[in-house]
Amino acid sequence: MSVVEVSHLAAGYDGREVLHDVSLSVTAGDVVAILGANGSGKSTLIRTILGLVPSRRGEIHLFGTPQQRFRRWERIGYVPQRLGAGSGVPATVGEVVASGLLARRGVFRFPGAADKAAVRDALTAVGLLDRIGDPVTTLSGGQQQRTLIARALAGRPDLLVLDEPNAGVDAASQEAFAAALTRFAGDGGTVLLVLHELGPLRPLIGRAVVVHDGRIAYEGTPPEPAGHHAEPDHEHLHPHAEQLKAGICEWAPTEGTKAY
Amino acid sequence: MDLLTQPFMQRALIAAMIIGLAAPALGIYLVQRRLSLIGDGIGHVALTGVGLGLLTGNDPVYTAVVVSALGAVGVELIRERGRTSGDLALAMLFYGGIAGGVLLVGLSDGSGNSSLMQYLFGSPLTTSESDLVVIGGLGAAVLTVMLFFRPALFALCNDEEYAKVSGLPVRTLNILLAVTTAVTVTIAMRTVGLLLVSALMVVPVAAAQQLTRGFVSTMTAALAIGVSAAGAGVLVSAEANTAPGATTVLLALAAFAAAAIGASIRHRLRRPAPQPVASEPPDVVLHG
């Protein structure tokens, strides 16, 4: 069954077109990674699929329904890159995760015992149950990221959409995150995620899509690490913008299907 | 406390306490969104409504509700666009509001200046019975909406994009919040005045969050601080013969200062235990 169907999509912000002609198909049970350098349009692609960026041309279908008429948003769990800007008032980890239940419960009903259990289950899945009463701002970046994944998981979605979940995340969080994602995919869930690099998620990814310059430059099995990336002591850290830029060359396919 | 037997004093106290609950119940969402000053701007716009009411001989509360609601929805539409020019558009709307208000109040016959002061800085002691009915009804409505839709409004103000992807009626909720801001501003203008309305929305929340860890506990504490400051403000100002609106706001600020000092003392007392803080169980469990 088709979960996400994108054909000849063009999208952008204000006057600037970021995606020119993108087609992508994700079927139930797929785990698809969208790769690309910064500014390639990979985040714009998923934000357009979710309706956060308006499309200019082309079509988007979610679970077989045109996106404009799609109403069953509880089937989608979205994990943004970082916590929203609304941190003017403290909020506990449990309160943030509970937001994930609204899509299913609706605006007019109060949370019940089942909702509380769902919050605890989701936090257990990412290994953060002991932090349920702590303010989210006291958590590390990786723990905040896991909180956002728990929020998405709490709503029991069929499709998880994640925007660079591994950016700036500590090793322990990456592992906890990979385990939660593996379990979700193992239960038949569909995953669409934007990644800067495959990292520890490599074994989970069924298909990689490389976006370059607003178009799909490569689609197929995830590229194997090569060169210095393959060395066992190589750390997958790209802390500086200059080094991130190097990613453009790495992901641009030069010959055949080899992306390196 | 002979004063409490006076009906005008009882009405003032009840009205102030209703507003002391309603204002922070709404204000917490504005603070969460980092829009702490929006109430102030809507207060400016409401003044045009007051002037319109005085000029046309209608109850200024009703005209102020309508005009400030229109202003608040306008602000929301500008914010939604997210344009950089939004900041300037807001400034012009706000100053247009206060200038229009001053002009219209001046044009209306009768006691121009004294009624202007009454709306700018509040005069709870002149609350009539019919005023109290309006304040009570609208205040209860604001409080109910803010408490009932708390999960949805929390999700919206915490992460608007996530709320959108959750399929929440984001635009409707935003407009609900805007209209509620306008209603709260209008009923609060009788007690603290249009220039200090925003303080009663924001200061109790700021005071509460010095001591709390979560949203629900912050909201509960903010309502308690708001209602105490508003009630005490009316009583203290009557005893000490000071301006009620200003007294209320200064009491709320005193609560903030006390909470901030308390928080910093608590922080210092906890300091000695250095790194293993992460493995300790939480000291307080605020809610299950």
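This passage walks through the folds of two chains, the nonpolar core, one helix pair and the contact between the chains. The model is a predicted one.

A good place to begin is the make-up of each chain. Chain A combines seven helices with 10 strands. Chain B, by contrast, contains 12 helices and zero strands, so that, read from the N terminus, its order of elements is simply α-α-α-α-α-α-α-α-α-α-α-α. Of the 288 residues in chain B, 50% are buried, while in chain A the buried portion is 45% of 260 residues. Contacts that reach along the sequence are also worth a look. In chain B, among contacts between residues at least 6 apart, 74% link residues at least 24 apart. In chain A, 72% of the contacts with a separation of 6 or more come from residues 24 or more positions apart.

Attention can now turn to the interior. The largest nonpolar core comprises 164 residues, and those with the most contacts inside it are drawn from chain A (A:Ile34, A:Ala150 and A:Val161) and from chain B (B:Ile19, B:Ala46, B:Leu200 and B:Ala252). Helix 1 of chain B, spanning residues 7-32, contributes the most to this core, with 16 residues. The surroundings of A:Val161 offer a local view: leaving aside residues up to four places away in sequence, A:Val161 touches A:Ile46, A:Leu50, A:Ile76, A:Tyr78, A:Val79 and A:Leu192.

Two helices of chain B give a clear example of packing. Helix 10 (residues 197-208) and helix 12 (residues 244-270) of chain B have axes 8 Å apart and pack at an angle of about 15°. Because this angle falls under 35 degrees, helix 10 of chain B counts as roughly parallel to helix 12 of chain B. The crossing of helix 10 of chain B with helix 12 of chain B is left-handed. Where they meet, helix 10 of chain B supplies B:Ala199, B:Leu200, B:Val203, B:Pro204, B:Ala206 and B:Ala207, and helix 12 of chain B supplies B:Thr248, B:Val249, B:Ala252, B:Leu253, B:Ala255, B:Phe256 and B:Ala259. This contact has 12 nonpolar residues, one polar residue and no charged ones. Two of its members, B:Leu200 and B:Ala252, also appear among the residues with the most contacts inside the largest nonpolar core.

Finally, the two chains come together through 27 residues from chain A and 33 residues from chain B. On the chain A side, strand 6 (76-79), helix 2 (93-98) and helix 3 (102-105) each give two or more residues. Helix 2 of chain A gives the most, with three residues. By class, the side of chain A that touches chain B has 17 nonpolar, six polar and four charged residues.

How values were computed: Residues are numbered from 1 along each chain as its sequence is written. Chains are lettered from A and ligands numbered from 1 in the order in which they are written. This is a predicted model: local features need pLDDT of at least 70, side-chain atom pairs count only at pLDDT 80 or more; totals for chains, interfaces and linings use all residues. Helices (H or I, at least four residues) and strands (E, at least two) are DSSP runs, numbered from the N terminus. A residue is buried if 20 or more other C-beta atoms lie within 10 Å of its own, exposed if 12 or fewer, and partly exposed in between; C-beta atoms are placed from the backbone. Two residues are in contact if their C-beta atoms, placed from the backbone, lie within 7 Å. A nonpolar core is a set of buried Ala, Val, Leu, Ile, Met, Phe, Trp, Tyr and Cys residues joined through C-beta atoms within 7 Å. Axes are lines fitted to C-alpha atoms, for helices over the stretch in contact, and angles run from 0 to 180 degrees between N-to-C directions. Angles under 35 degrees count as roughly parallel, over 145 as roughly antiparallel, 65 to 115 as roughly perpendicular and the rest as oblique. A crossing is left-handed if the near helix is turned anticlockwise from the far one by less than a right angle, and right-handed if clockwise. Ala, Val, Leu, Ile, Met, Phe, Trp, Tyr, Cys and Pro count as nonpolar, Asp, Glu, Lys and Arg as charged, and the others, Gly among them, as polar.
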